[in-house]
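Open the model in your viewer and keep the selection panel at hand. The tour goes from a single residue to helices and then to the whole chain.

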Amino acid sequence: MSGRVPVTVRTAQWCATHPWKAIAGWVLFLALCVGAGAAAGTNKGSFSDFWVGEAGRAEAMASESGLTPPPVEQVLIEHARTASAAGTATAAGTGGAGVSGGAVDGARAGALAAAAEDVVRRMEALPAVEAVADPAPSRDGAALRVAVTLRGDKETAKEGVDALLAQTAAVRKAHPALRVEQTGSASISVAVNDKQGQELQRTEMISLPVTFLILLVVFGAVLAAGIPVLLALFAFVGAVGLYGLASWVFPDAGGAALSVIFMMGMAVGVDYSLFFLKRAREERERSGGTISPARAVELAAATSGRAVVDSGLAVALSLAGLYVVGDVIFSSIATGAILVTLVAVGGSLTVLPALLAALGHRMDGGRLARRSRRRGGRGEGRLWAALLRPVVRRPLVSLVAGVAVAVALAAPALGMKLGTEGKETFPDSVPAVAAYDRLVTAFPSEGPAHLVLVHGEDPAAPLRRLAEATRGDRLFAQDRMPVVRTAENGRTALLALPVPYAQNSPEATRSLEKVRGDLLPAAVAGLPEARWAVSGEIAGGADYAAHQERRLPWVVALVALATFAVMFAAFRSVVMAAVGMLLNLAAVLVAWGVLTLVFQGRWAEGVLGFESLGFVGSRTPLMVFAILVGLSTDYQIFVVSRIREAVRRGVPTRAAVVDGIAGSASVVTSAAVIMVSVFVSFLFIDRIEMKQIAVGLTVAVLFDAIVLRAVILPSAMALLGDRAWWPERPPTDRAPELPAHSRAADPVET
């Protein structure tokens, strides 16, 4: 068969024959990306972008009527011993009426009052402060709190909160016998994001040298090991610049996409370079070093280059499924991850061939590289061939065993419970979070609250009835009577019903169900044409998780169909497309099952450094699904491409399975190890959502690279035989201008 040379080959060929022009063009492209992104800036999503369900409707009612609660910071003042007792009570999970520390003597009360007056005086002098409330004592008098209302909205509060923290620190220094702490949504958000940013930088510092060392072992040459890392960084830098431009179409969700851009950039950027580089080196070795580096690049582009394009398309389409969720967080993450994937594909087909041609024989390394190739490629090929022969010899037994393992690991997913991040899920190592725990212990009404809005004639009356109906009910805080706020037009009113339990606790859920399903409908009964809705942290989290659950089947269906289409386009086989889709779903279910097993129980807390919340983050399953399907398809395309090459050389399908998997073993195993090292590094970020994503992706990649590749895929293809390529078997490739596709690095007996 002959035909026009594929575009991947033409592109790589031009870049290899004009390397310095290609390199200069790539540097110019990155500079334009960074410059354009800096000039455009990043468009941050507005608060309305995060509104979902009934809670979102309530937020809209509050915004339209001017009843949106202003940002408030709380300064908590306690004696050190009382604070220690409060912390112990919080750790024990108590909630309710505060810590009983006995009577507070006059001297101790005077010390608290003096510190509180100092707080009031300092805060009132700040431009960012709208108002400072009088100090309020806890029920036992052992603590005082000072509420500080900030100007503007929640976003501007984050910008001005540092000035408040500085004054709180000054009061603390002036009153060393007391514990003086500040907490609030703004201070917690700033502190958590700063901590995550620092830990992300540390993760980068860990993953980059680890990746380089792995590649050094794989290639045995410093230049060959450094280029994939360099290209991954290029992809990250270019994608961050482009993300700034894209944020004006898909707004940024508070920087949530940056960590995913880095994770995906390292994963696909290194992998694509690795696949291409290994294939180019393999072509040179096969020729005995007689072909030029430029010719080796051309031959690699005809095989690995095409696979890189197919894989990049699969990853991008899988991530595009996140847009179906209709959520600003998922949209921003999808945008960033798609951009870094596409930039990585572009770099693998342009600047990588140029670098390989420009560096020439220096990429081959010396004695270390030759030893690495002899021991790595051939030894691993023999090992995988030995492992695969029993599998293809008894394919049915092997397939049943592999499926049984997958079912056992996936089964816990049936009991998965979803929840959302709240203040209690953030690490206590953040001072503002620890202060929040102590504040809620001393003042239960400062915990999460139901924000109930009613619109209609005399909207305050039903809210007063609702507040009265909660008196004496242990599901609601009882340390102070809730106050109804009415809009200036008199048509909308707001009531905040505080709850003395953690946002994701069963008690908090029951209180929401009671308000929405019983108390509120009864309170508004008889109010003509009334509209009402409930928001707040508890309601918002519940509605958000429910929204994810409703959209999940649509995302799964869309991504599965996209995977099927990509696999069919790559191999022109309906059967292989269906097998690929099923294998991807198997890997996802295994990841979900392990996530449930690890994070809904307590047995792994000490190992992974987290405190179980009894649920999986509502964003985690979708995130793991979209990223994993793309990466899993990535592996399948490269492995099945090798099998197909053997079939096109006339090798029977069963023998081609051993040949193709063994031949790709070195590069795919290396890619899996690198991906795992990148994902594992995110376990060191002290945020449970990041740990969940890291565990899910790590487990899935290991399962994909070992069980699926070594057992399920080869046994399924051995059972199918030539039917795996239906509707037609790949034709024998006799085109002189295309590369003679290889067997394993060391031929295996079949």
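Is Glu298 buried or exposed? Select Glu298 and show the surface. This is a predicted model, and in it Glu298 has a relative accessible area of 15%. The cut-off for buried is under 20%, so Glu298 counts as buried.

**Stop 1: around Glu298**

Colour residues 293-320. That is helix H10, and Glu298 sits in it. Now add Val9 and Gln13 as sticks. Glu298 touches both, leaving aside residues up to four places away in sequence. With Gln13 there is also a polar contact, side chain to side chain, at 3.5 Å.

**Stop 2: helix H11**

Select residues 328-349. This is helix H11, with 22 residues. Put a distance between its end C-alpha atoms: they are 32 Å apart. At 1.5 Å a residue the helix should span 32 Å, so the two values agree. Turn on the surface again. Most of H11 is covered, with 20 of its 22 residues buried. Next, go to the N-terminal end of H11 and pick Asp327, which caps it. A side-chain oxygen of Asp327 lies 3.0 Å from the backbone nitrogen of Ile329.

**Stop 3: helix H14**

Move to residues 395-410, the 16 residues of helix H14. The end C-alpha atoms of H14 are 22 Å apart, in agreement with the 22 Å expected at 1.5 Å a residue. Which residues of H14 are buried? Colour Pro395, Ser398, Gly402, Ala406 and Ala410: these are the buried ones. Look down the axis of H14. The buried residues fall within an arc of 100 degrees, so they line one face of the helix. Now pick a second colour for the other side of H14. Leu396, Val397, Val400, Val407 and Ala408 are exposed there.

**Stop 4: the whole protein**

Zoom out and switch to cartoon. The protein has 24 helices and 11 strands. Its C-alpha atoms fill a box of roughly 90 × 50 × 45 Å along the principal axes. How does the radius of gyration fit the 750 residues? A compact globule with that many residues would have a value near 27 Å; the protein has 30 Å, which agrees.

Colour by burial. Buried residues make up 57% of the 750. Then draw the contacts with a separation of 6 or more. Residues 24 or more positions apart account for 81% of them. Finish with the surface of the protein: about 29900 Å² is accessible, and carbon and sulfur atoms hold 62% of that.

Technical notes:
Residues are numbered from 1 along each chain as its sequence is written. This is a predicted model: local features need pLDDT of at least 70, side-chain atom pairs count only at pLDDT 80 or more; totals for chains, interfaces and linings use all residues. Side-chain values use heavy atoms; hydrogens and water are left out. Helices (H or I, at least four residues) and strands (E, at least two) are DSSP runs, numbered from the N terminus. The expected span of a helix is 1.5 Å times one less than its number of residues. Buried means under 20% relative accessible area, exposed over 50%, partly exposed in between (1.4 Å probe, protein chains only). A polar contact is a pair of N or O atoms within 3.5 Å; within protein, one must be able to donate a hydrogen and the other to accept it, and residues adjacent in sequence count only if both atoms are side-chain atoms. The radius of gyration is taken over C-alpha atoms; the globule rule is 2.2 Å times the number of residues to the power 0.38. Contact means heavy atoms within 4.5 Å. Accessible areas come from the Shrake-Rupley method with a 1.4 Å probe; for residues, only the protein chains shown count as cover. The arc is that of the directions from the helix axis to the C-beta atoms.
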